[in-house]
Amino acid sequence: MRHHHPAKGITLLEIMFAVIILAMSMIPIAGVMGVGLRGTSKDFRNLTAVQFLEGTMRQVLAADYARVPTGALTTPVNLGTFSLPLGDIASGGTTFNLSLQVTEETVSMRYRPIRVDLGSFVATNPSTWVFDGTPSTLAFDNSNTMQAYRVKRIQGLVTWSEYELGAQKREIRMTTFLTRVTE
Amino acid sequence: MRRTTPRHGMALVISLVLAMALLIFGVSFTRSLSDVKPQNPQLLVRAQLDVLAEGLTNYAVLKFKELPSDFYYAYWKANIATPTTSRDLGPISVFQSDVLMRGEIQDPNDPTRNASYTTTYEVLSQKKYTADTLVIRTVAELAGVVREVKRIVHVRRERDL
């Protein structure tokens, strides 16, 4: 008479099934993690670029109007108490290039002139002020010394290469204005 | 006679449980990625708007520097002449539609969309043409992101002799 022994332990077939199922589940997860890591490092470079450009723009905003030259600025600019970090900046294995385009531009302001010719006018007492009915426009268009430019448009640009995307060029831009409020 | 034991096929069950756990981990990972990703463009827009609003506030300071009379008149009218009843602040109303007060500016990263902005002033104290304190508030909006810059400005005018 033949005896059947009770099954003990794990059969080879079970182990093979287990390994195959684990491997099949690990492959897509590993792929997703790879994509996630690449995405994270790409986001990190993006954030670094934003921080570099924002920092530079804020430095320009703190600068004296007259010290910020017009034109394309691609190399560090001395602004008296500090220097604008322009050009190539290396960070985390990536080289970021910072540049500025500074242009003076015409600005117009509408207002109603005060009738200073009236005898009742007292400069320190607004209750005596009479305004012209027709609005006027004050333009700072550089047409004469009194109307010299007062506004500089600052356009900042940061560029870098995404080496994981076949050296694809990326860029971010920001715009702000610097005004001449001190003479 | 064949006997069965409860341990038969346990490895399969364990591997299925493990696989399920790994899949849950994978799904939660991809979900967290998709949550994080849209925040990046928003951070750029925020930085853009902050820098833009600072520049527009500079514009507003320039305006006050060049044409303060209308502000003084409005301050007098609102606080001294008719403190509580009148909403007509005089010539300052001419400014309300000025492009410096409200307008749109093209997004340098996406020329198909514009950032909109509004600027408001609040004159806190004034000693006409000598020293003033005002609050300038600029609100800029782009792609659903709104940023506000509030600056307290102390102005001192000195006659150039």
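Q: Helices here are DSSP runs of H or I, at least four residues long and numbered from the N terminus. In which helix is F25(B) found?

A: In this predicted model, F25(B) belongs to helix 1 of chain B, residues 10-36.

Q: Is F25(B) buried, partly exposed or exposed?

A: The general idea is to read the relative accessible area against two cut-offs: a residue is buried under 20%, exposed over 50%, and partly exposed in between. F25(B) has a relative accessible area of 38%, so F25(B) is partly exposed. Leaving aside residues up to four places away in sequence, F25(B) touches I29(A) and M33(A).

Q: How does one express the size of an interface?

A: The accessible area lost when the parts come together is often given for this purpose. In this model, chain A and chain B bury about 5,000 Å² between them, and 70% of that area is on carbon and sulfur atoms. M109(A), R110(A) and F177(A) supply 12% of the area that chain A buries against chain B, more than any other three residues. In terms of contacts, 56 residues of chain A meet 55 residues of chain B.

Q: How many salt bridges and polar contacts does the rule find across the interface of chain A and chain B?

A: The rule finds two salt bridges. One of them pairs E66(B) with R150(A), with the closest N and O atoms 3.1 Å apart. It also finds seven residue pairs in polar contact, both residues being at pLDDT 80 or more.

Q: Which element gives the largest share of the side of chain A that touches chain B?

A: Helix 1 of chain A does, with 19 residues. The elements that give two or more residues to this side are helix 1 (12-61), strand 6 (107-111), strand 7 (136-140), strand 8 (151-162) and strand 9 (168-179) of chain A. By residue class, this side of chain A divides into 32 nonpolar, eleven polar and 13 charged residues.

Q: Is D132(B) buried or exposed?

A: The same cut-off of 20% applies. D132(B), in strand 3 (residues 131-142) of chain B, has a relative accessible area of 2% and is therefore buried. Its side chain makes a polar contact of 2.7 Å with the side chain of Y72(B). The residues that D132(B) touches, beyond four places away in sequence, include F64(B), Y72(B), H154(B) and R157(B).

Q: What span would a straight helix of 13 residues have?

A: At 1.5 Å a residue, such a helix would span 18 Å. Helix 3 (residues 69-81) of chain B spans only 16 Å between its end C-alpha atoms. Among the buried residues of this helix are Y72(B), Y73(B) and W76(B).

Notes. Residues are numbered from 1 along each chain as its sequence is written. Chains are lettered from A and ligands numbered from 1 in the order in which they are written. Side-chain values use heavy atoms; hydrogens and water are left out. Contact means heavy atoms within 4.5 Å. Buried area is the accessible area (1.4 Å probe) that two parts lose on being put together, summed over both. A salt bridge is a side-chain nitrogen of Lys or Arg within 4 Å of a carboxyl oxygen of Asp or Glu. A polar contact is a pair of N or O atoms within 3.5 Å; within protein, one must be able to donate a hydrogen and the other to accept it, and residues adjacent in sequence count only if both atoms are side-chain atoms. Ala, Val, Leu, Ile, Met, Phe, Trp, Tyr, Cys and Pro count as nonpolar, Asp, Glu, Lys and Arg as charged, and the others, Gly among them, as polar. Buried means under 20% relative accessible area, exposed over 50%, partly exposed in between (1.4 Å probe, protein chains only). The expected span of a helix is 1.5 Å times one less than its number of residues.
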